[in-house]
Amino acid sequence: MDSLLTTTEKPTDGAVNPDIYVIAAHPAWRESRVNRPLMEAAKALSRAQVQDLYSSYPDYAIDVPLEQAALERARLVVLVHPVQWYSMPPLQKLWLDDVLSYGWAYGEGEEGRGRALEGKDLWLVATTGGPEESYHPQGYNRYFFDAFLPPYEQTAALCGMRFLPPLVLHGAHTVDRQTVVSHVETFSQRLQSYPDWPELEDLEQCAACVVPMRDRSKAPDESANANPMGAS
């Protein structure tokens, strides 16, 4: 599929150090009508560092120190991906499991609890295959789309991050080209204007939900990076 050209231009505000980390995850970029143009638009901005997970980690061996360093530099962390089976693509989930480790992103670290992400913002930019009307109690997805957001919201809360109102495009397989262009332009403009979004003025910072060490599994073979809700 040809790349979608946008009118995005690099900012002229003199920004040098990226303060936005965009994590793009799509298992089949050639088939992407929306997520790939979103990733390309982010790459055009000097204030954004973009990580293409499926290109960087085709063997699923994530460079945890590199990812954590990128997160530490960022003020805004952006998850860009299609919704697959009411959740995120598998490599994005593995990224969360490996990178957001106990004692670093949450929990009780060696010098107190995990504070690496505290005070940062998390923004979900997602697409769905089904149209918006399918996310309704009378639709085939049975729930409003907001019903599928708690895992994202709680991930942010556990890390002391603020979960920003998501940017979602429904019916990504069938919407017309102009709708895609407008959506990508909105995404780019939001990145450029962050954090000057009107709706953020009244959006409170979430206090970190501290997970005490006593709630951690004591199994001898437990990975130090095991996720907080992982089963033994």
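In the predicted model, Arg115 and Glu118 are joined by a salt bridge in which the closest N and O atoms are 3.2 Å apart. Glu118 is partly exposed, its relative accessible area being 33%. This pair belongs to a total of six salt bridges.

A second salt bridge connects the side chains of Asp97 and Lys93, with an N to O distance of 2.7 Å. Both residues belong to helix α4 (residues 90–99), where they are four residues apart, about one turn of the helix. The two partners differ in burial class: Asp97 is buried because its relative accessible area of 18% falls under the 20% limit, whereas Lys93, at 37%, is partly exposed.

Arg75 and Asp19 form a further salt bridge, and their closest N and O atoms are 3.7 Å apart. Arg75 is located in the loop between α3 (64–73) and β3 (76–82), and Asp19 in the segment before β1 (20–24), so this salt bridge ties together parts of the chain that are 56 residues apart in sequence. Asp19 is buried, with a relative accessible area of 14%, while Arg75 is partly exposed, with a value of 41%. Both residues also belong to a network of salt bridges that links Asp19, Arg47 and Arg75.

Aromatic contacts were examined next. The model contains ten aromatic pairs. One of them is formed by Tyr135 and Phe145, which meet edge-to-face with 5.3 Å centre to centre and 85° between the planes. Tyr135 and Phe145 both lie in the loop between β6 (121–127) and α5 (150–158), ten residues apart. Both of these residues are buried.

Tyr143 and Phe148 form another edge-to-face aromatic pair, at 6.0 Å centre to centre and with 85° between the planes. Here the burial of the partners is not shared: Phe148 is buried, with a relative accessible area of 17%, and Tyr143 is partly exposed, with 42%. Tyr135, Phe145, Tyr143 and Phe148 are among the members of a cluster linked by ring pairs, which also includes Trp85 and Tyr86.

An aromatic ring also takes part in a contact with a charged group. The charged end of Arg190 sits over the ring of Trp197, at 4.1 Å from the ring centre.

These side-chain contacts are set in a chain of 232 residues, of which 46% are buried. The chain has six helices and eight strands. From the N terminus on, these elements follow the order β-α-β-α-α-β-α-β-β-β-α-β-β-α. Among the contacts in the chain with a separation of 6 or more, 78% are between residues 24 or more positions apart. The salt bridge of Arg75 with Asp19, whose partners lie in parts 56 residues apart in sequence, spans such a separation. The chain exposes about 12,300 Å², and carbon and sulfur atoms supply 51% of this area.

Methods
Residues are numbered from 1 along each chain as its sequence is written. This is a predicted model: local features need pLDDT of at least 70, side-chain atom pairs count only at pLDDT 80 or more; totals for chains, interfaces and linings use all residues. Side-chain values use heavy atoms; hydrogens and water are left out. Rings of Phe, Tyr and Trp (its six-membered ring) pair if their centres lie within 6.5 Å; planes under 30 degrees apart count as stacked, over 60 as edge-to-face and the rest as tilted. Helices (H or I, at least four residues) and strands (E, at least two) are DSSP runs, numbered from the N terminus. Buried means under 20% relative accessible area, exposed over 50%, partly exposed in between (1.4 Å probe, protein chains only). A charge sits over a ring if NZ of Lys or CZ of Arg is within 6 Å of the ring centre and within 35 degrees of the ring normal. Contact means heavy atoms within 4.5 Å. Accessible areas come from the Shrake-Rupley method with a 1.4 Å probe; for residues, only the protein chains shown count as cover. A salt bridge is a side-chain nitrogen of Lys or Arg within 4 Å of a carboxyl oxygen of Asp or Glu.
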